[in-house]
Amino acid sequence: MLLNVANAGAGSADEDARFPRGSEQLSRRSFLVGSALGIGALGLGGCGTSDSLLLAEARNTYGPMPGEKFPIPAVDISKVDPKYYRRTVSYQTKEAPGTIIVDPANYYVYRVEGDGAATRYGANVGRQGFLWSGDAYVGRKSEWATWTPPAEMIRRQPEAAKYARGMPGGLDNPLGARTLHLYQNGAYTLYTIYASSDAESIGSGITSGCVGLLSQDMIHLYARTPVKTKVVVLPA
């Protein structure tokens, strides 16, 4: 089934944005939530951690999540550049603890922890022509949400019509395991931070403006992000 990204101005970036141009199917690969210290400690330590220890920590952090409604398998971490593994890093900002900061130029999402530190996640972001910046906030949250292709997508790809009444949540659903829906001034922007199962997409610009974290990273962020959390998207 061929499902490409929609034009953010014409359709729903929320539902359509996670498909890379030319994607042949909705694949659901995933990542995991490890301890808050695990890989995070590696980011602050800077004390010559060996590659083998780094990989061992990553396998633990990005292992399977059998307790999910739809059990998430372990990821092949060899397909992720280690610089995008979740970790705690030094990060100076005037934003309050809990604020989410998206850095599309470097393919990172930060959660401000305070005291000069942040949790950093690798991300995929909007492709050229679909990048945006500004302040928003989390207006609502969804777990294993139903995905409905916008009318524009169905006209472009008739094979998507079978989901016109919605694709139930699951491992193949484009909305992923968790979604943060971004709002401005009480209105839904159509942009989201969502769970991506495509390990190879992290560190690239492929969407119509939405921001994707590996599934377990997104679950980790989602659990710590209440509705009304401020989101700052930096210029690319």
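## Cores, ring contacts and helix α3 in a predicted model

R178 lies over the face of Y222, 5.6 Å from the ring centre. The model in which this arrangement occurs is a predicted one. A further charged residue, K141, also sits over the face of Y222, with a distance of 4.3 Å from the ring centre. The table sets out the two placements.

| Charged residue | Ring | Distance from the ring centre |
|---|---|---|
| K141 | Y222 | 4.3 Å |
| R178 | Y222 | 5.6 Å |

Aromatic pairs number 9 when the whole structure is searched. Through ring pairs, Y84, Y91, Y108 and Y110 are joined into a cluster.

**Overall composition.** The chain has 5 helices and 10 strands. Of its 236 residues, 56% count as buried. Contacts between residues at least 6 apart in sequence join, in 70% of cases, residues at least 24 apart. The exposed area of the chain is about 10,200 Å², of which carbon and sulfur atoms supply 51%.

**Nonpolar cores.** In soluble globular proteins, nonpolar side chains tend to be buried together. Here the largest nonpolar core consists of 27 residues, and V109 and I193 have the most contacts inside it. Two or more residues of this core come from each of the strands β2 (100–103), β4 (117–126), β5 (134–143), β6 (178–184), β7 (187–196), β9 (211–214) and β10 (230–233), and likewise from the helix α5 (215–223). Another core, of 19 residues, lies apart from the largest one; its members include L54, I101, A118 and A199.

The surroundings of I193 can be listed individually. When neighbours within four places in sequence are left aside, I193 is in contact with I100, V102, R178, T179, L180, L182, V211, L213, M218 and V231. R178 thus appears both among the contacts of I193 and over the face of Y222.

**Helix α3 and the loop after it.** L54, A58 and T61 are the buried residues of α3. Viewed down the helix axis, these buried residues fall within an arc of 65°, so they line one face of α3. The face turned away from this buried side carries the exposed residues S52 and R59. L54, one of the buried residues of α3, is also a member of the core of 19 residues.

A74 is located in the loop between α3 (51–61) and β1 (87–90). Its relative accessibility is 45%, and A74 therefore counts as partly exposed. Although A74 and T61 are 13 residues apart in sequence, their C-alpha atoms are 9.4 Å apart in space.

Conventions: Residues numbered from 1 in each chain as written. Predicted model: local features only at pLDDT ≥ 70, side-chain atom pairs only at ≥ 80, totals over all residues. Heavy atoms only, no water. Core = buried A, V, L, I, M, F, W, Y, C linked by side-chain atoms within 4.5 Å. Buried < 20%, exposed > 50% of the residue type's maximum accessible area, 1.4 Å probe, protein only. Helix = DSSP H or I, 4+ residues; strand = E, 2+ residues; numbered from the N terminus. Contact = heavy atoms within 4.5 Å. Phe/Tyr/Trp six-rings, centres within 6.5 Å; stacked < 30°, edge-to-face > 60°. Lys NZ or Arg CZ within 6 Å of the ring centre and 35° of its normal. Arc of directions from axis to C-beta. Areas by Shrake-Rupley, 256 points an atom, 1.4 Å probe, with all protein chains shown as cover.
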